[in-house]
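Reader: I'd like a close look at one part of this model, in plain talk. Could you pick up from the question I put below the picture and then carry on from there?

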Amino acid sequence: MDEYLRHAHVLANRILSGRLRPGDRLPPQRVYARERGIAASTAARVYGELRRRGLVVGEVGRGTYVRAAPPVAEAAALTAAPPGAAPADLELTYPSAPGQSAALAASLAPLLRPDVLARVTAPLSPRGTRAAREAAARLFGAAGDPERVLFAGNGRQALAAAFTCAVPRGGVIGVEALTYPLVKAVAERLGRVLVPLPLDAYGIVPAALAAERPAALYFQPAPHNPTGRVMPPERQAELAEVAARLRIPVIEDRVWSFLADPEAERVFGALAPERAYVVESLSKRIAPGLTAGVLLVPEGRTAWAETALREGGWAAGGFAVEAAARLLADGTAARLAAAKRADAARRQRVAAGELSRTEAHASGYFTWWHLPAPWRAEPFAAAARAAGIAVTPGAAFAVPPYTAPHTVRLGLAALPVPALRRTLRTLAALAAAPPA
């Protein structure tokens, strides 16, 4: 038996026997690894196996906790669950358009000539090349000044550079009360403090920003992850006015912006070029393996942000930048984005037909599902996991001290459409039955 499974079985038996009680917190993975003399990667697999069996729940930054003990019959099934069984994954959201690989191959073929490879695999500064900056600047519409465009290894690294430049260590960043979980992880790692700002149907409430007076603002306008809400131009203008009055920088995350109607897209950076950092990424827009991030920086901050990217080790590789430039310039990226919007819209129609009480963007790859009473998010996620379905509970998106809603986020991109329909139908049936 693999080492990680031996450890998982020991912990599982302690949970199911009652020696570890519901609500007990397991030690951090690094502490568990050190105490048991195992590798950190092995400890991560141990905790992952416990989550797969539905015995624990948790998230980055908040710890891992024993969930409510399952009934005896369910417990027997959990201990006998085949190790390594792959769940139906409604957590990940990496979309792929039909014909994507062929389109990428056709666009990128010229890069594979030896003379071109010698050039594009040479060291590259975060500023990239002039042609790459001009191609990437088009992602930002009217705000896209090529002289203010920099490249990062991925969207997360672009976000880290923006946080580093916008706020000193220990500084407070106002964010949506529900936000992308990796934003919380990035802020914690960099020593920045997040404070939740309430949301209404249009996004962050401007009066809350004015009252809280953080050192910076971070938000996702189109569409918001996880709710799918789109911030209208009027609300963006209100936030720009408050930010100008407070004289604070703003970080706008547009990683999912390609799912919005291109004719309706608005970039906050056009309203406040002197204070806006705008983050884009190509992994969702084009392909997961193309992890180039793009950062539009405020006027006069290019050198500062370039230094942050260099010192953080967050600069993009030359091949990724050149590939991104070609895909953006020859229209391949735009065609893939259009195909993904159509694919996402089809999947949303499937979700709307199988589930009620949901929020979503009409062409978004995730659905925010409000669970029926008396279900709570963590027990439902554990029950879904026991049924072979991975979902993300609302607590993963909540910024403390905001109280997580009784919701789960469903990523719609990973499964073929017929399998997605069957999986959502299973979840609906599970939600209709009262929890044990």
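Reader: How are α7 and α14 oriented to each other?

Author: Keep in mind that this is a predicted model. Helix α7, residues 130-137, packs against helix α14, residues 318-329, at an angle of about 50°, and their axes are 9 Å apart. An angle that is neither under 35 degrees, nor over 145, nor from 65 to 115 counts as oblique, and α7 and α14 are therefore oblique to each other. As for the hand, α7 and α14 make a left-handed crossing.

Now for the side chains in that spot. From α7 come Ala132, Ala135 and Ala136, and what they meet in α14 is Val321, Ala325, Leu328 and Ala329. Sort the residues of this contact by class and you get 7 nonpolar, no polar and no charged.

For a second helix pair, take α5 (residues 100-108) and α15 (residues 332-354), which pack at an angle of about 175° with their axes 10 Å apart. An angle over 145 degrees counts as roughly antiparallel, so that is the label for α5 and α15. Here Gln100, Ala103, Leu104 and Ser107 of α5 meet Thr332, Leu336 and Lys340 of α15. By class, the contact of α5 with α15 splits into 3 nonpolar, 3 polar and 1 charged residues.

On to the strands. There's an open sheet of 7 strands with mixed pairing, and its order reads β5-β13-β12-β11-β10-β6-β7. At the edges stand β5 (149-152) and β7 (193-197); each has a single partner strand, so one side of each is left without a neighbour in the sheet. On average, neighbouring strands of this sheet are turned by 25° against each other, direction ignored. Inside that order, β11 (residues 250-253) and β12 (residues 276-281) run parallel and are joined by 4 bridges. Glu252 is found opposite Val278 of β12.

An open sheet of 4 strands runs β14-β15-β18-β17, and its pairing is antiparallel. Its edge strands, β14 (358-359) and β17 (392-393), each pair on one side only. Between them in the order, β15 (residues 366-370) and β18 (residues 407-411) pair in the antiparallel sense over 5 bridges. If you want a residue to click on there, try Trp369, whose bridge partner in β18 is Val408.

Methods:
Residues are numbered from 1 along each chain as its sequence is written. This is a predicted model: local features need pLDDT of at least 70, side-chain atom pairs count only at pLDDT 80 or more; totals for chains, interfaces and linings use all residues. Side-chain values use heavy atoms; hydrogens and water are left out. Two strands pair if DSSP finds at least two bridges between them. Helices (H or I, at least four residues) and strands (E, at least two) are DSSP runs, numbered from the N terminus. Axes are lines fitted to C-alpha atoms, for helices over the stretch in contact, and angles run from 0 to 180 degrees between N-to-C directions. A crossing is left-handed if the near helix is turned anticlockwise from the far one by less than a right angle, and right-handed if clockwise. Contact means heavy atoms within 4.5 Å. Ala, Val, Leu, Ile, Met, Phe, Trp, Tyr, Cys and Pro count as nonpolar, Asp, Glu, Lys and Arg as charged, and the others, Gly among them, as polar.
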